[in-house]
Amino acid sequence: MRPVLATALLLLTALPALAEGSAVHSGPPAFLGQLTLLLLVSAAAAYLSFRVGLVPIIGFLLAGVLAGPSALGLIRDPQLISDASEIGVMLLLFTIGIEFSLDRLARIARLIFLGGGLQVILTVALTALVLNAFHVTLPNGVFTGCLIALSSTAIVLKLLSARGGNGTPAAQVSLGILIFQDLAVVVMVLLIPMLAGQGGGLGGVFVALLKAGGIIALVLIAARRLVPPLLEAVARTCSTEIFLLTVVALCFGTAYLTGLAGVSLALGAFLAGLLVSESRYGTQALGEILPLQVLFSAAFFLSVGLQLDLGFLATHLPLVLGAGILIVLLKVSVTGVSVRLLRESPGTSIYVALLLAQVGEFSFVLATTGQTLGLSFAGLGTSGTQVFIAATVLLMAFTPVLAGAGATLASRKAAARPTALPTGTPDVSDAPGEGMDVRGRVVFAGYGAHARLAARALSRAGQTYAVVTRNPDGASELELRGMPVLIADYTRVSVLTDLNIAAARALVVVDDDEDLTHRAVSVTRTVAPDLPVIAFARTVPEHQVLQALNTTHILSAHKEVAAGLLDLLTPDAVSRRDLRRHLSDLPGVILTDEQQAQCEHARSAAGPTIPEADVCLECLATGDTWVHLRVCMTCGHVGCCDSSKNRHATRHATTQAHPVIRSAEPGETWAYCYEHRWTK
């Protein structure tokens, strides 16, 4: 690791000089050196955090401290970092808004509103009372309580994920409290100007609440009426670029509009996330936006570290340590009591209390707003901001230690209570993929023609499966049949991790796009190294690439893909005759010799042709119903008959010049040529 560190340090120390030199020689823009330095510092921090077992966020904080003006002075343009960090906050709240669904809220409503409400309200009230006893004004006391009440959603969830404890009672209680804290930020953003005397008294409160209510009403209307059809139209392009641009435009556009209305950009980004979460493309949007969110969140946490003045910390160390200790004692006490009031075990209460003992990332946003309006942390004036920043950075850095201590104490409590009473925590473990359970199932990555045929044959063979696809038509078809489906990009690490793909029986990637197949297999191998992966190769070079990616089974073009999948995935008790029967049960796969002889078009459409669906996807997309189904013997398109109002089968045959169709109805074997009008 030493050569890596030496190289990184040389680059970091040389870049400022290079940036200055570039300006002299009229080279790249002046900000490019600082931006490159920001990325290098972030990457180095993430790498070192990984090597020493820290959460990357803590590494970003410490890197910001070292690169800041009070230490090495590498980053000399704090405005650039500040602008990037503001985007980071917006994207962070946007992702939280996407993950916040009404269904999830209903499942853990008691933990959110009772547990989280008690924790936030008691913390703010107790902080204000204690500070008021030391002659701190009520506005500053409430302001300080708001800052202290919040915990770091990003750090806590990362720690829980790293420890593999997402399904434990402690994780569920923590999640409920964190969700309430995230919602409380919305109220605090509106409250802080009023504390500073800029809310206009009761009239100002009424106007602010009216404005907030109007914005929320508009968001709800848009969530129900405007955004779902917009995302539906965009998703049908199956273009990652268009989808990402649309999602980012929704985030920034909503934030900009709320900013014009006098509400914070962060709140607007959160509301934009809610807009997306109400559609069925929330998981896909989250997968697309996460790389951007990680990038700008790194800038946010770096900017927090940049604000820490090491000179102030050295000269006021007792004050900073005292503030940090008091914050921990206050939060542990209040959180522990709140969790116990939920009828949780003492071990769970201790663990959750220590896990949430740090101060959250959104507290920095509130602190900046409050400082601008004349409020101060604990009534300490201008020095209060530095005390708050220093104490918060230290608490964030020591969160893994506190969490480890909490886990140890919880284990001891559990060992001392072998017959613990049942707790009030509902069984709401985070189901992967927003409730889609893939454990023991065959998972199809993509739902093209081969996957459709194999999936339906698997179903007939009594084998369970699930599908992850970016195609809204395929998802609609599966939803109509009651099959488990998730609309998401299966080449994203975050999607496969949340899905718990390692618990699946096998992953099948038979996508028509070679690059997409390679990315999916590669990402799967990083998330689930031992999972059986089945892929399809058309050429020898593609076969070699898949082999290098450690694909378990590679089906070649000369072997019928659906039959090959069934051969691999069905139990030994299912014979080859059964497999052929399951495949032949699917309608419209071939024309008879007699039908082929009656029309020259039919000879070229001899088959086997794979139907693209067992519903009329065009009717499904528009919310209509169909009468009978017809399959195109040229491309497998399935459409509704001429007895329906849309006549999609005939429309397809006319526009695509595919003259031969066959009935896709069970028991019907007739075929038809539009040019020669023949039937059987």
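The exercises below, each with a worked solution, concern a predicted model.

**Exercise 1.** Determine what end-to-end span should be expected for helix α9 (residues 169–195), and set it against the model.

*Solution.* Start from the 27 residues of helix α9, which at 1.5 Å a residue should span 39 Å, because the expected span is 1.5 Å times one less than the number of residues. Next take the end C-alpha atoms of α9, which lie 37 Å apart, in agreement with the expected value. Then examine the course of the helix, where a kink of about 30° is centred on Val187. Finally, consider its surroundings: 21 of the 27 residues of α9 are buried, and the helix is thus mostly covered. After α9 comes Gly197, with a positive phi near 80°.

**Exercise 2.** Classify the ring pair formed by Phe377 and Phe388, and describe where its two residues sit.

*Solution.* The structure holds five aromatic pairs. In the pair of Phe377 and Phe388, the ring centres are 5.4 Å apart and the planes meet at 45°, so the pair is tilted. This pair links distant parts of the chain, with Phe377 in the loop between α17 (362–372) and α18 (382–397) and Phe388 in helix α18, eleven residues apart. Because buried means under 20% relative accessible area, Phe377 at 7% is buried, and Phe388 at 2% is buried. Together with Phe364, these residues form one aromatic cluster.

**Exercise 3.** Assign Leu321 to its helix and to its surface patch.

*Solution.* Leu321 belongs to helix α15 (residues 317–340). Its relative accessible area is 42%, so Leu321 is partly exposed. With Leu317, Ile325, Leu326 and Leu329, Leu321 forms a nonpolar surface patch of about 480 Å² accessible area together.

Note on methods: Residues numbered from 1 in each chain as written. Predicted model: local features only at pLDDT ≥ 70, side-chain atom pairs only at ≥ 80, totals over all residues. Heavy atoms only, no water. Patch = residues over 30% accessible without salt bridge, like charges linked within 9 Å, V, L, I, M, F, W, Y side chains within 5 Å. Areas by Shrake-Rupley, 256 points an atom, 1.4 Å probe, with all protein chains shown as cover. Salt bridge = Lys/Arg side-chain N within 4 Å of Asp/Glu carboxyl O. Helix = DSSP H or I, 4+ residues; strand = E, 2+ residues; numbered from the N terminus. Buried < 20%, exposed > 50% of the residue type's maximum accessible area, 1.4 Å probe, protein only. Bend = angle between axes of the 7 residues up to and from the residue. Phe/Tyr/Trp six-rings, centres within 6.5 Å; stacked < 30°, edge-to-face > 60°.
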